[in-house]
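Reader: Could you walk me through one part of this model in detail, namely the strands and the charged pairs around them? I'd like to know who sits beside whom, with the cut-offs spelled out.

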Amino acid sequence: MSVNKFDFGLVGLGVMGRNLLLNMADHGYSAIAFNRSEEKIAALRAAATEGTVVDGVTDLGEMIARLKTPRKIMLLVPAGAPVDEVIEQVLPHLDSDDIIIDGGNSHFTDTLRRVKYVEGKGFNFIGVGVSGGEQGARTGPSLMPGGSEKAYKSLQPILEAVAAKVHGEPCVDYLGKGGAGHYVKMVHNGIEYGIMQLISESYSILKAAGLSNEELHEVFKKWNDGDLQSFLVEITRDIFLQKDDQTGKHLVDVISDKAGSKGTGKWTSQDAMNLPVAIPTIDAAVAGRTISGYKDERVAAAKVYPRDNADLGLSKEEAIQLVHDALYFGTIISYAQGLSMLYQASRELEMDIPLTRVVSVWRGGCIIRSSLLEVFTAAYNSSPDLPNILLSSQIADLIGQSVGNTRKLLAKAITAGIPVSAHTASLGYFDAYRTAYLPTNLIQAQRDFFGAHTYQRIDIPGTFHTEWNS
């Protein structure tokens, strides 16, 4: 057995794991993987840059024995039971201060349980959210670690080396205790759901206004060169020009409208309800994917309820400007909802999540990276304890510039019968959040009427009940 000592070990050689190891090797770290497939190990070696130190073995114990101490072992295996199974296989080979890193999309409650379990055995466990997809893993992902701060300090040089860089700053930082890393990644994915749904609804409106795929490409290209610059707008721009190699048509036009999901958006909605925190844009996006799956029912319903008038009553130029402002507005709201959720969860679950670091880490490498995150970073640097980014005067200026056209567009879309649930949820959230006195006083009266649930008054402190029938 070789006595070579490697800097980093990985369990799981999917494309994400392979690319991450190659990234580490390119930055001067020696990396070794465990995988039962000789074919995947051969592919890893073949892909390595000349002069770098990368290897793979089919024996887990051998991989761990060839690591420098304290050992750093990342698991990139499917979330759930497979992570627990690998942990049990790894534990017998560890020494004090060794670190297990879960880089998969684990639910934060599983991470909390694993932190307690592994630390109880005398070792370290840290959950790291990884965003950026396969390409990000190879060239620089956004990394969201949480758990043992001591363990993070040991990992910090490697993580900073492989992470994406913005203005020379690595898109990785310690994001809090316990399951904070995976919690931040979960909310990141919820925001991602929200923005993707907003973009798809914007696309639907622009198509209704008569834009061709070539025109849509030009619109999204212009937007990505301006204040809507983001990874999701960038890839949407490119999607509109992609041709199908089977039919020669634009590929987007032959793709089914039944959208898939892996559940992380649903987790965000579920936990927001448990806190509770209102994230209706993200909820609408989760529901939108669910409704997309009702294909047969939707086709039948379209015949039962034919659309009478789908005319927006807008020129292409008018539609483009209104949609731009509505998408900008909705994107801010989607971020605001996710960040407010992190603010509340940080306190309720005692994770101490620093929002200033979160938005800074998201600026590069991740799926929701955008120019707006530079504005958010500045806002949190000025006021780190904002419970909601909408309370920032800097953000208020941006909202003020876009909300008027958002209202105009949604009135047109709703009249035309175009589904815009995420856009309307964004506007509804904003209007409710900025309303000093909501009509929920009536709900309080109703609850007390039928269930004696009591209510509070605006003029006298305390809790009250009325015998309404009398």
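Author: Here's a walk along the strands, followed by the charged pairs and a short stop further down the chain.

A bit of housekeeping first. This is a predicted model, so local features need pLDDT of at least 70 and side-chain atom pairs count only at pLDDT 80 or more, while totals for chains, interfaces and linings use all residues. Residues are numbered from 1 along each chain as its sequence is written, and side-chain values use heavy atoms, with hydrogens and water left out.

Let's start with Phe-6, in the segment before strand 1 (8–11). Strands here are DSSP runs of E, at least two residues long, and helices are runs of H or I, at least four, numbered from the N terminus. Phe-6 counts as buried because its relative accessibility is 4%; buried means under 20% relative accessible area, exposed over 50%, and partly exposed in between, with a 1.4 Å probe and protein chains only. Its C-alpha is 4.6 Å from that of Leu-67, although the two are 61 residues apart in sequence. Leaving out residues up to four places away in sequence, Phe-6 touches Ser-30, Ala-31, Ile-32, Val-53, Asp-55, Arg-66, Leu-67 and Lys-68, where a contact means heavy atoms within 4.5 Å. Keep Ala-31, Ile-32 and Asp-55 from that list in mind.

Ala-31 and Ile-32 take us to strand 2 (residues 31–34), where Ala-31 and Ala-33 point one way, Ile-32 and Phe-34 point the other way, and all are buried. Strand 1 and strand 2 run parallel, joined by four bridges; two strands pair if DSSP finds at least two bridges between them. Phe-8 has Ala-31 as its bridge partner in strand 2. To get from strand 1 to strand 2 the chain goes through helix 1 (residues 15–26), in a right-handed β-α-β crossover. Right-handed here means that, with the strands pointing away from the viewer, the path from the first strand over the helix to the second runs clockwise. On to strand 3: strand 2 runs parallel to strand 3 over four bridges, with Phe-34 opposite Val-57. Strand 2, helix 2 and strand 3 form a right-handed β-α-β unit too.

That brings in the first charged pair. Arg-45 and Asp-55 form a salt bridge, with the closest N and O atoms 2.8 Å apart. Because Arg-45 lies in helix 2 (residues 38–47) and Asp-55 in strand 3 (residues 54–57), the pair ties together parts that are ten residues apart in sequence. The cut-off is a side-chain nitrogen of Lys or Arg within 4 Å of a carboxyl oxygen of Asp or Glu. Arg-45 is partly exposed at 43% relative accessibility, whereas Asp-55 is buried, at 15%.

Now for strand 5 (residues 99–102). Ile-99 and Ile-101 point to one side of strand 5, Ile-100 and Asp-102 to the other, and all are buried. Strand 4 (residues 72–75) pairs with strand 5 in the parallel sense over four bridges, and Ile-73 stands opposite Ile-100. Strand 6 (residues 124–131) also runs parallel to strand 5, with four bridges joining them, and there the bridge partner of Ile-100 is Phe-125. Strand 4, helix 4 (residues 81–90) and strand 5 make a right-handed β-α-β unit. From strand 5 the chain crosses through helix 5 (residues 108–120) to strand 6, and this crossover is right-handed.

Those two helices share a salt bridge. Asp-84 and Arg-113 meet through their side chains at 3.2 Å, N to O, linking helix 4 to helix 5 across 29 residues. Asp-84 is partly exposed, at 24% relative accessibility, and Arg-113 is partly exposed at 41%.

Further down the chain there's another pair to compare. Arg-363 and Glu-374 form a salt bridge whose closest N and O atoms are 3.5 Å apart. Arg-363 is in the loop between helix 15 (355–361) and helix 16 (372–382), and Glu-374 is in helix 16, eleven residues away. Arg-363 is buried at 11% relative accessibility, while Glu-374 is partly exposed at 30%.

Back at the strands, salt bridges that share partners join Asp-84, Asp-102, Asp-110, Arg-113 and Arg-114 into one network. Asp-102 is the strand 5 residue that points the same way as Ile-100. For scale, a search of the whole structure turns up 23 salt bridges.
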